[in-house]
Amino acid sequence: MKENDGPMQGNDSIREEKTKSFRLFGFRSRKWYKMLLASLYLLLLFISFVAVLFSDGVIQETSTFDSFIDKASGLIVVFAFFVPYLILSNIFGLRDKLPLYRKHKFASTTLAILISTFVFVLIGGQILELHSNEYEKAYAVYTAQQEATANSDNKDKSETDEKGEAKASDGVSLWDKIVGFFSFDEKTEEKDEVETFDGIANDTLNTNFLSACKKIGLKVGKIKSFQKEDDWAGGERYSFSYYQHPMTLYANGDNTINSVNLGDIKLFLQGFESYPIKDFLVDMDIADQLAVESEDYVKSNLNYPSSADFSMLNWSYGRERSYYQLTSSVEAKNAFGVESEIPFRIIYKVNGDSHKIVAFMLDGTWIIDNKIPKYDKGRKEIKSSSTGTSFTLVDEALGAYGEKVKIDSSYYVWYKVPKGTYTVTSNSNWCMVYVDKDKTTKNSDGYTEVANVKTYEFTATNQQKTVKVGTGQHIFLTVNANVTFEKQ
């Protein structure tokens, strides 16, 4: 298996949790109170939409045309409050295109929202002018009746207010209920650690997945949107969300777990030590603080700092243990005094309450370029048990017979198994096993070549083939191969 040649990995290796794709306004930072406010706002708009669409209107006996006018006017008013939200979410890139909105400034954005809302409300009001004369007369009668009812109710207003205050003081406020619902509950968290999971039909695979989750500290009760995807070469594949982070489960054909990935980071990897998921989840409180400081730092490196205009939404975050990577862009004048979009990337090393910049790229040029270690550098292998006649080879894991061999500028794993004839069983849906000679040669171009003795392709789990390994020969596996050797 090929391995990176060199002790350090470049800064591009950090996984980014967020992309430049459209996200709903209020859900970017993943803070619960922001998501709550956004959810309540959207819920209110949805209720208003349904109410307008299915209500009969204040005038019950009306023509189809007048009913249509009522609903059209109401829907336009609802959209008056929904359209600015869509624009702030930058759907179809509208926010980056529309005047005032594209400046990403609080004052200009507020003015744009007021203008667009006023225009929609004005249009909705003007549509009501299209009502028929019969409707206008009926509406005038309805208005007079409502005013008469209001006047009669005013006499008992003081008594009603006193009763209302007494009733409110006896109950629990809505705010207290909301805070109580979302507050951290230690007992709930402890219960979550022992919850079962039944998202996988196969009991063996389900049990193995629970074991893998426990090793990386993943609480199965927090898993969302768990679903089966198309199989990969080794077996079944599942996707799910964990605290809004995308994750993937790769299973082997024998229902063992090959890996559990957070993005492209293998937190659980068969044959190797596991990494705790908490060390790779982006803490948005830290990320937001770093974003504010990043704007000041980027400004200090611009030719025209006063021209800087940062996007509020176009940020990407990534984390590998103590390293946080922030990526975005700024609208500013370049060295020629011309307005342009300048991309930047900053990597911080966070240690408790303190942090420092270890890498900084501006407009494609690394100004600070301290390399950071690859997340799995030095990952410890878990030695697998084997008997005298049976053993399992897993790609990347050295085991009892694996040796790292450098060929040209790359590393590969050769398995120097004892010579003999073996019954080889595949533990995955597909893989290839090569029997190659240990001796290498140089071709006319100066590259090293390995002579192949025989190649075996496995196309199903539990498929068996007879493999013979002679003197001066070794086994080479394709990516993610998992095979068991039984000596005949």
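Select aspartate 408 to start: this residue is partly exposed, with a relative accessible area of 37%. Keep in mind as you click around that you're looking at a predicted model. Aspartate 408 sits in the loop between β13 (402-407) and β14 (410-415). Check its backbone too: phi is near 55 degrees, which is a positive value in a residue other than glycine. For background, most residues other than glycine have a negative phi.

Now add lysine 442 to your selection. What does aspartate 408 form with lysine 442? The two make a salt bridge, and their closest N and O atoms are 3.6 Å apart. This pair links distant parts of the chain, with aspartate 408 in its loop and lysine 442 in strand β16 (residues 431-442), 34 residues apart. Lysine 442 is exposed, at a relative accessible area of 57%.

**More charged pairs**

Side chains of opposite charge can pair when their charged atoms come close. A search of the whole structure turns up six salt bridges, so here are two others to look at. Pick lysine 374 and aspartate 376: they form a salt bridge with the closest N and O atoms 3.0 Å apart. Lysine 374 counts as partly exposed at 28% relative accessibility, and aspartate 376 is partly exposed as well, with a relative accessible area of 25%. Next, pick lysine 278 and aspartate 279, whose side chains meet in a salt bridge at 3.3 Å, N to O. Is lysine 278 buried or exposed? At 59% relative accessibility, it counts as exposed.

**Strand β7 and its neighbor**

Select residues 316-320, which make up strand β7. Five of its five residues are buried, so the strand is largely enclosed by the rest of the structure. Turn the view and look at both faces: Ser316, Gly318 and Glu320 are buried on one side, and Tyr317 and Arg319 are buried on the other.

Extend the selection to strand β8 (residues 323-333), which pairs with β7 in the antiparallel sense over five bridges. Which residue in β8 is the bridge partner of glutamate 320? That would be tyrosine 323. The hairpin of β7 and β8 has two residues between the strands. One to click is arginine 321, found in the loop between β7 and β8. Although arginine 321 isn't a glycine, its phi is positive, at about 55 degrees. With a relative accessible area of 29%, arginine 321 is partly exposed.

**Into the core**

Nonpolar side chains tend to be buried together in soluble globular proteins. To see this chain's largest nonpolar core, which has 28 residues, select Phe209, Leu218 and Val260, the members that touch the most others in it. The elements giving two or more residues to this core are α8 (203-216), β1 (223-229), β2 (237-242), β3 (245-251), β4 (257-262) and β5 (265-269). Of these, α8 gives the most, with five residues.

Zoom in on valine 260. Leaving out residues up to four places away in sequence, its contacts include Phe209, Ala212, Ile216, Phe240, Met247 and Leu267. When you're done there, jump to a second, separate core of 22 residues; Phe310, Trp315, Ala332 and Val350 are among its members.

**Back to β2**

Return to β2 and color it. How many of its six residues are buried? Five are, so to speak of β2 as mostly covered is fair. On one flank, five bridges join β2 to β1, and the two run antiparallel. Look for isoleucine 223, standing opposite tyrosine 242 in β2. β2 also pairs with β3, again antiparallel, over six bridges. Here arginine 237 stands opposite tyrosine 250 in β3. In the hairpin of β2 and β3, which has two residues between the strands, tyrosine 243 takes a positive phi near 50 degrees.

**Out to the surface**

Select Leu37, Leu40, Leu43, Phe46, Ile47, Val50, Leu53 and Phe54. Together they form a nonpolar patch on the surface, with about 780 Å² of accessible area. Click isoleucine 47, which lies in helix α1 (residues 32-54). At 48% relative accessibility, isoleucine 47 counts as partly exposed.

**Zoom all the way out**

Show the whole chain to finish. There are nine helices and 20 strands, and buried residues make up 37% of the 488 residues. The accessible surface comes to about 28100 Å², with 56% of that belonging to carbon and sulfur atoms.

Conventions: Residues are numbered from 1 along each chain as its sequence is written. This is a predicted model: local features need pLDDT of at least 70, side-chain atom pairs count only at pLDDT 80 or more; totals for chains, interfaces and linings use all residues. Side-chain values use heavy atoms; hydrogens and water are left out. Patches are made of residues with over 30% relative accessible area and no salt bridge: like charges are joined within 9 Å, nonpolar side chains (Val, Leu, Ile, Met, Phe, Trp, Tyr) within 5 Å. Accessible areas come from the Shrake-Rupley method with a 1.4 Å probe; for residues, only the protein chains shown count as cover. A salt bridge is a side-chain nitrogen of Lys or Arg within 4 Å of a carboxyl oxygen of Asp or Glu. Helices (H or I, at least four residues) and strands (E, at least two) are DSSP runs, numbered from the N terminus. Buried means under 20% relative accessible area, exposed over 50%, partly exposed in between (1.4 Å probe, protein chains only). A nonpolar core is a set of buried Ala, Val, Leu, Ile, Met, Phe, Trp, Tyr and Cys residues joined through side-chain atoms within 4.5 Å. Contact means heavy atoms within 4.5 Å. Two strands pair if DSSP finds at least two bridges between them.
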